[in-house]
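Biologist: Please take one part of this model and go through it closely. I am new to it, so explain the terms as you go.

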Amino acid sequence: MGLAVLEEGEGEKGAQTTDLQLYTGSGDTLAQALRQAETSQTRRPFYAQNQLLWVGRQAAEQQLPEVLDYFAAEQASRPNMAVYVADLDLEELEQLAGEKGLQEDILRLESSLSRAGSARMIYEVQLDRQGAGGLVPLLEPGELGLTVQGLALYRSQALSGLLEGQQAALAGLLLGQKESMEWIEETDLGQLRLRLDSPTIQRQICTENGQPVLQLVLRGTVRDLSAADPSLQQQAAGWQSREELSRQISQSVTGQLQQLVDQCWQPEGDPFQLGWWFGAWDTRWYYDALDSGSLYQPGRIEAWAEIRVM
């Protein structure tokens, strides 16, 4: 257990400084380990100011429900604490703290919390009757410090899989993220790099053969397009008609979006809260379908993309 404490001070000429102290503890239970970390220094931590909860990879794989339950039940904790899975052990965390880069990582993550979809709050990955469920950002060390490298998917108290790359970016959109999305497309010309601007996802219930189907439509615009091979950049700029390229990219995004939805729309968990739309459409039908097990049948969610290349 590591307890990272940021201490603000005043440097030369009145400049604001931030130093980090890392206190560690161990014990047979989470409470014991935390208590040991607390008592290794003279001041009492004020957890209502705590914005970040990092759960180590091993603990996240084996004890995530216990960790979330403890901090959610602790009355002094911040109710909207952001939860991350950190691919670090305590020794690596201590090393980062010693290199003076950990405080920058913490401040950067705290500043990103104002952006929708940048993190999962503790109440969003809370325990339910199936156990711990939802998507939790995965932090990994890299050249730019600790950064989010994907999303860990939990079902029934266990780590079920990892969403990385474009799948993680699509998941961010379904979770409410509004930022532009990078996309890599394999074409006859080679690999093209695109930026999908102003992406939005429209959700609506339609009836097919007497059964409700939730339709998800991802729309966005591509204005920046470049070839991975710089020597082909001029050809990429004039390659194909924009209508044909729009169709190809839309088809590619559609395939990945539908695959993501199928992977996450399961009885063991609904990380994108897609079931809410069926409840809003017809509450009685929703609970009947949930109780009978027919809610999560194949084909209940249809997803596609309509991408326009400018």
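Modeller: Here is a close look at one strand, followed by a pair of helices. This is a predicted model, in which local features need pLDDT of at least 70, side-chain atom pairs count only at pLDDT 80 or more, and totals for chains, interfaces and linings use all residues. Numbering starts from 1 along each chain as its sequence is written, and side-chain values use heavy atoms, with hydrogens and water left out.

Start with strand S13, residues 211-227. Strands (E, at least two residues) and helices (H or I, at least four) are DSSP runs, numbered from the N terminus. Of the 17 residues in S13, 12 are buried, meaning under 20% relative accessible area with a 1.4 Å probe, protein chains only.

S13 pairs with strand S12 (residues 190-208). Pairing requires at least two bridges found by DSSP. Here there are 15, in the antiparallel sense. Gln204 has Gln215 of S13 as its bridge partner. The hairpin of S12 and S13 has 2 residues between the strands. There, Asn209 takes a positive phi near 55°.

S13 also pairs with strand S14 (residues 301-309). These two run parallel, joined by 9 bridges. Leu214 is bridged to Ile301 in S14.

Now the helices. H1 (residues 30-39) packs against H3 (residues 64-73) at an angle of about 60°, with the axes 11 Å apart. Axes are lines fitted to C-alpha atoms over the stretch in contact, and angles run from 0 to 180 degrees between N-to-C directions. H1 is therefore oblique to H3, since angles under 35 degrees count as roughly parallel, over 145 as roughly antiparallel, 65 to 115 as roughly perpendicular and the rest as oblique.

Note on methods: Buried means under 20% relative accessible area, exposed over 50%, partly exposed in between (1.4 Å probe, protein chains only).
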